[in-house]
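Grab a pencil and have the viewer open while you work through these exercises. Try each task yourself before you read its solution.

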Amino acid sequence: MIKTYAPHGGIDGGCSAADGTPEKGINLNILLTLRDMFEASGFETDVTRDTDRSIHDDGIEGIANQKSSDMDNRLAKFNEHKNAICISIHQNQYTDPKYSGAQMFYSTKGSSKSRDIAQNIQNKFVEYLQPENKREIKECGKELFLCYFSENPTVMVECGFLSNPEEAARLEDPEYQKMVAFTVYSGIIESLK
């Protein structure tokens, strides 16, 4: 089972590129392409969302409460199947626009496999898309709620920086999004060998 997670959605757009493009749509496009690749390869998949929406409980009022409910529901989906590989797709942002490059975060709380999956995805980003990328994978802490509390092998994929104008332009391109999805797919497949 491969579970993929596109954070944000609905009223929560996540971070934004300089031109105002929100992270949530980029995440969703990459996630849906990744899901299709795994399904075409015969894997059972599950996604936390396949449209621009939050998955908070009905009747929850207020953005903060909706976001908290959304996160709890996503974690429950991550943990509902034993030995699923869980991938969370994100875009990064920083105050200084010079920073770029994909970076993986992982948790060993649920499984020691997470580190290997993160390293394989990071290696594929360098091999396929970002030969200059020197970023290292990092173990996450409690601040990365889903990654940290997942009971399955879990990797948070920061695909690049929307705060970097050149990288943001690539990340907004549907063809590049497909290449990112294939890169993540290839890293996971490498981990399953």
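Helices here are DSSP runs of H or I with at least four residues, numbered from the N terminus. Keep in mind that the model is predicted.

**Exercise 1. Find the salt bridge inside helix α6 and describe where its two partners sit.**

Step 1: Locate the helix. α6 covers residues 174–192.

Step 2: Pick out the pair. The side chains of K178 and E175 form a salt bridge, at 3.4 Å from N to O. That fits the rule, because a salt bridge needs a Lys or Arg side-chain nitrogen within 4 Å of a carboxyl oxygen of Asp or Glu.

Step 3: Check the spacing. K178 and E175 are three residues apart, which is about one turn of the helix.

Step 4: Look at the accessibility. K178 has 40% relative accessibility and counts as partly exposed. E175, at 48%, is partly exposed as well.

**Exercise 2. Work out which parts of the chain the salt bridge between K82 and E151 links.**

Step 1: Start with the distance. The closest N and O atoms of K82 and E151 are 3.8 Å apart.

Step 2: Place each partner. K82 sits in the loop between α2 (63–79) and β3 (85–92), while E151 sits in the loop between α4 (145–149) and β6 (154–161). With 69 residues separating them, the pair links distant parts of the chain.

Step 3: Sort them by accessibility. K82 is exposed, because its relative accessible area is 65% and the cut-off for exposed is over 50%. E151 comes out at 48%, so it counts as partly exposed.

Step 4: Put the pair in context. The structure has seven salt bridges. Another one of them joins D36 and R35, at 3.2 Å from N to O.

**Exercise 3. Check whether the span of helix α1 agrees or disagrees with the expected value.**

Step 1: Count residues. α1 runs over residues 23–40, so there are 18 of them.

Step 2: Get the expected span. You take 1.5 Å times one less than the number of residues, and for α1 this gives 26 Å.

Step 3: Compare. The end C-alpha atoms of α1 are 26 Å apart, so the two values agree.

Step 4: Repeat for α2. Its 17 residues reach 24 Å from first C-alpha to last, close to the 24 Å expected.

Step 5: See what is tucked away. Buried residues of α1 include I26, L28, L31 and F38. In α2, the buried ones include R74, L75 and F78. Just after α1, look for G42, which has a positive phi of about 90 degrees.

**Exercise 4. Classify the ring pair of F38 and Y185: is it stacked, tilted or edge-to-face?**

Step 1: Note the geometry. The ring centres are 4.9 Å apart and the planes meet at 55 degrees.

Step 2: Apply the cut-offs. Planes under 30 degrees apart are stacked and those over 60 are edge-to-face, with the rest tilted. So F38 and Y185 make a tilted pair.

Step 3: Place the rings. F38 belongs to helix α1 and Y185 to helix α6, so the pair ties together parts that are 147 residues apart in sequence.

Step 4: Check burial. F38 is buried, with a relative accessible area of 0%, and Y185 is buried too, at 15%.

Step 5: Widen the view. There are six aromatic pairs in total. Ring pairs join F38, F43, Y128, F182 and Y185 into a cluster.

**Exercise 5. Decide whether strand β3 is largely enclosed or open, and find its parallel partner.**

Step 1: Count the buried residues. Eight of the eight residues of β3 are buried, so the strand is largely enclosed by the rest of the structure.

Step 2: Look at both faces. I85, I87, I89 and Q91 are buried on one side, and C86, S88, H90 and N92 on the other.

Step 3: Find the partner. β3 runs parallel to β6, with six bridges between them. One bridge to look up is H90, whose partner in β6 is E158.

**Exercise 6. Find what S111 touches beyond its neighbours in sequence.**

Step 1: Locate S111. It lies in the loop between β4 (103–107) and α3 (113–128).

Step 2: Judge burial. At 13% relative accessibility, S111 counts as buried.

Step 3: List the contacts. Leaving out neighbours within four places in sequence, S111 is in contact with N152 and P153. The C-alpha atoms of S111 and N152 are 6.0 Å apart, although 41 residues separate the two along the chain.

Key
Residues numbered from 1 in each chain as written. Predicted model: local features only at pLDDT ≥ 70, side-chain atom pairs only at ≥ 80, totals over all residues. Heavy atoms only, no water. Helix = DSSP H or I, 4+ residues; strand = E, 2+ residues; numbered from the N terminus. Buried < 20%, exposed > 50% of the residue type's maximum accessible area, 1.4 Å probe, protein only. Contact = heavy atoms within 4.5 Å. Phe/Tyr/Trp six-rings, centres within 6.5 Å; stacked < 30°, edge-to-face > 60°. Pairing = 2+ DSSP bridges.
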